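Biologist: Before we trust any label on this model, I would like to go through the terms one by one and hear what each of them rests on.

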Amino acid sequence: MNQLYANLFYFAALIDQKAAGIPSASAFSVKKILNAVYFWAAVIAVIVIIIAGFMYVTSLNNAQQLTRALNAIFSSVIGLVIVLLAFAITNIVVQGVS
């Protein structure tokens with residue numbers, strides 16, 4: 001059975017990817033998709049920070065609204081930091097692999 005798998009892998013290696021219509025790794029770039037996801041996540045985090053800042057300014061010293069605005073700012077800043085770290089880590093890994 002192991003010999004069968006070895007033969008299949010051997011013949012699969014002989015197939016020309018372009019002639020067989022198999023997309024190469026460069027044609028389907030995971031890095032491009034991840035960068036788009038990171039971009040939109042960062043945009044959403046910044047929008048939430050702006051909205052929470054507006055909520056903070058218009059809270060009129062209401063403790064409940066003030067706490068809600070501060071929690072939203074804190075959470076979105078943490079989310080933005082996580083997105084930036086994920087962006088940096090995946091770009092380092094992708095450059096190391098290629």
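Modeller: Let us begin with N91, which is found in helix α4, and keep in mind throughout that this is a predicted model.

Biologist: Why is N91 called buried or exposed, whichever applies?

Modeller: The relative accessibility of N91 is 12%, and buried means under 20%, so N91 counts as buried. Leaving out residues up to four places away in sequence, N91 touches K31 and N35.

Biologist: Which other residues of α4 are buried, and what covers them?

Modeller: The buried residues of α4 are A69, S76, L80, V83 and N91, and what covers them includes α3.

Biologist: What makes the length of α4 agree with that of a helix?

Modeller: The 35 residues of α4 should span 51 Å at 1.5 Å a residue, and because its end C-alpha atoms are 51 Å apart, the two values agree.

Biologist: How do you know that α3 agrees with its expected span?

Modeller: Helix α3 covers residues 30–57, and its 28 residues should span 40 Å at 1.5 Å a residue; the C-alpha atoms at its ends are 41 Å apart, which agrees.

Biologist: Which residues of α3 are buried, and what covers them?

Modeller: Y38, A42, A45 and A52 are buried in α3, and the cover over the buried residues of α3 includes α4, residues 63–97.

Biologist: What makes up the largest nonpolar core?

Modeller: The largest nonpolar core has 5 residues in all, namely Y38, A42, A45, L80 and V83. Both α3 and α4 supply at least two residues of this core, and α3 gives the most, with 3 residues. Because such a core is a set of buried residues of nonpolar kinds joined through side-chain atoms within 4.5 Å, membership needs both burial and a side-chain link. As a general background, nonpolar side chains tend to be buried together in soluble globular proteins.

Biologist: Which residues does Y38 contact, once its neighbours within four places in sequence are left aside?

Modeller: Y38 is then in contact with V83, A86, F87 and T90.

Biologist: Why is I49 called partly exposed?

Modeller: The relative accessible area of I49, a residue in helix α3, is 25%; partly exposed lies between the limits of 20% and 50%, and I49 therefore belongs to that class. Not counting residues up to four places away in sequence, I49 touches I73, S76, V77 and L80. The C-alpha atoms of I49 and L80 are separated by 9.7 Å, although the two residues are 31 residues apart along the chain.

Biologist: F74 is in helix α4; why is F74 called buried or exposed?

Modeller: F74 has a relative accessible area of 57%, and exposed means over 50%, so F74 is exposed. The C-alpha atoms of F74 and I49 are 8.5 Å apart, while 25 residues separate the pair along the chain.

Biologist: What makes V77, V81, L85, I89, V93 and V97 a nonpolar patch on the surface?

Modeller: Patches are made of residues with over 30% relative accessible area and no salt bridge, and nonpolar side chains are joined within 5 Å; these residues form such a patch, with about 540 Å² of accessible area together. One of them, L85, has its place in helix α4.

Biologist: What makes the phi values of L60 and N61 worth a remark?

Modeller: Most residues other than glycine have a negative phi. L60, however, has a positive phi of about 55 degrees, and N61 has a positive phi of about 60 degrees, although neither L60 nor N61 is a glycine. L60 is placed in the loop between α3 and α4, and N61 lies in that loop too. With the cut-off for exposed at over 50%, L60 is exposed at a relative accessible area of 77%, and N61 counts as exposed at 76%.

Biologist: How many helices and strands are there in the protein chain, and what share of its residues counts as buried?

Modeller: The protein chain has 4 helices and 0 strands, and its elements run α-α-α-α from the N terminus on. Of its 98 residues, 10% count as buried. The accessible surface of the chain comes to about 8000 Å², and 73% of that belongs to carbon and sulfur atoms.

Technical notes: Residues numbered from 1 in each chain as written. Predicted model: local features only at pLDDT ≥ 70, side-chain atom pairs only at ≥ 80, totals over all residues. Heavy atoms only, no water. Expected span 1.5 Å × (residues − 1). Buried < 20%, exposed > 50% of the residue type's maximum accessible area, 1.4 Å probe, protein only. Contact = heavy atoms within 4.5 Å. Patch = residues over 30% accessible without salt bridge, like charges linked within 9 Å, V, L, I, M, F, W, Y side chains within 5 Å. Areas by Shrake-Rupley, 256 points an atom, 1.4 Å probe, with all protein chains shown as cover. Salt bridge = Lys/Arg side-chain N within 4 Å of Asp/Glu carboxyl O.
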